[in-house]
Amino acid sequence: MEPIETIDNRFARAFAGASLEKLCSGASWSEGPVWIAEDESVLWSDIPNNRMLRWSRTDGMTVWRDNVEFTNGHTRDVNGDLLHCSHGQRAIMRTPLAAGRIQAETPDQTVIDKYRGGRLNSPNDLVVRGDGTIWFTDPPYGILSDREGHQAPREQDANYVFCFDPSTGILHAVTAEVEEPNGLAFSPDESLLYVSDTSAAFKGPGEGNHHIVAFDVKGHALENMRILATVNPGLPDGFRVHDNGWIYTSSEDSVQVFTPEGSLLGRIPVPEKVGNLTFGGPKGNHLYIAASTSLYLIVLNTEEL
């Protein structure tokens, strides 16, 4: 595998001695990884095969669930429940904790599937704020064909970023400024929301967007959109923000790492197209990378961050 590319010395210190490890393979398109601390495992989506996979050091890779209605992004709720973005159901779904564990056999519950009487497009990725609100993107990718959902007409007039407030049951459309919103994440203090725009995905060469924008968060509203970083080659499909504020994003050939100001710190080359990633491990310094057919791992030197 290619060596890590360092642009900033801080990045070199964070990854000194680190190497990329291929954990398993066998998916068609890997997306939406989430760390399950209770049993030290990773769950992720194999979207075209309509299943969720699981990996742990003890068990290796197994099929966690079949016929999952084309789930994409996942995250843990503030109470530990597992939240899913379902392309097939065009909804945010919940797997409640049962006996202190996330179990495949536990029936799912619908969190939200409509806005102003119309079905959502196909929720793609989501994040939970500290106040319990659920923020998610809703591009049309799951209704464009039957490969990653069910082909269907759209019922929303825009590709919104939404905020659902469970305390009131109200779904807020917080912005339609992002042409095709995809991944999203909060800054560590939750004063900023980062959203990727991947409208270049189905357009011709040189057309569409492949960047990450930043918004100021004001309650249930977003203000002051600005482009933070443009990702090349490929798209910033999914990304995560580390506790130190660094933004780790997918791309065509690597995980690219940016400062909160948008400066590129370095690249972690990956031999397959990266779909999404998540932090996990007992110290939160294990970076799990869902890339096309495989799941990869690289361990950060957290004492250097």
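On a 1 Å grid over the protein atoms alone, a pocket is an open set of points with protein on both sides within 12 Å along at least five of seven lines, and its lining residues have an atom within 4 Å of a point. Grid points are joined across faces, edges and corners, and a volume is the space filled by probe spheres set on the points. The model is predicted, so local features need pLDDT of at least 70 and side-chain atom pairs count only at pLDDT 80 or more, while totals for chains, interfaces and linings use all residues. Residues are numbered from 1 along each chain as its sequence is written, and side-chain values use heavy atoms, with hydrogens and water left out.

Pockets first. The second largest pocket comes out at about 540 Å³. Its lining is made of 23 residues, and W29, E148, A201, F202 and D237 are those nearest the centre. By class (Ala, Val, Leu, Ile, Met, Phe, Trp, Tyr, Cys and Pro nonpolar; Asp, Glu, Lys and Arg charged; the others, Gly among them, polar), that lining holds 8 nonpolar, 9 polar and 6 charged residues. The largest pocket has a volume of about 670 Å³. It is lined by 22 residues, with T75, V127, R240, V241 and T278 nearest its centre. Several strands (DSSP runs of E, at least two residues, numbered from the N terminus) give two or more residues to this lining, including β3 (30-36), β7 (71-76) and β25 (274-280). Here the split is 11 nonpolar, 7 polar and 4 charged.

β3 also turns up in an open sheet of 4 strands, ordered β3-β4-β5-β6 with antiparallel pairing (two strands pair if DSSP finds at least two bridges between them). β3 and β6 (60-66) sit at the edges with a single partner strand each, so one side of each has no neighbour in the sheet. The twist averages 25 degrees from one strand to the next (axes are lines fitted to C-alpha atoms, and angles run from 0 to 180 degrees between N-to-C directions). β3 meets β4 (residues 41-46) over 5 antiparallel bridges, and I36 has S41 of β4 as its bridge partner.

β25, in turn, belongs to another open antiparallel sheet of 4 strands, in the order β2-β27-β26-β25. β2 (21-25) and β25 are the edge strands, each with a single partner, so one side of each lacks a neighbour in the sheet. Inside this sheet, β26 (residues 286-291) and β27 (residues 294-299) share 6 antiparallel bridges, with Y288 opposite L297 in β27.

Then there is β15 (residues 161-165): 5 of its 5 residues are buried (under 20% relative accessible area, 1.4 Å probe, protein chains only), so the strand is largely enclosed by the rest of the structure. V161, C163 and D165 are buried on one side, and F162 and F164 on the other. β15 pairs antiparallel with β14 (residues 134-137) over 4 bridges, and with β16 (residues 170-175) over 5 bridges. V161 stands opposite T137 of β14 and opposite T175 in β16. The β15-β16 hairpin has 4 residues between its strands, and G169 takes a positive phi near 75 degrees.

As for cysteines, the structure holds 0 disulfides (pairs of cysteine sulfur atoms within 2.5 Å). For C85, the nearest cysteine sulfur is that of C163, 14 Å away. C85 is buried at a relative accessible area of 0%, and C24 also counts as buried, at 10%.

Key: 1 Å grid on protein atoms, 1.4 Å probe; cavity = no way out; pocket = protein on both sides within 12 Å on 5 of 7 lines; lining within 4 Å. Buried < 20%, exposed > 50% of the residue type's maximum accessible area, 1.4 Å probe, protein only.
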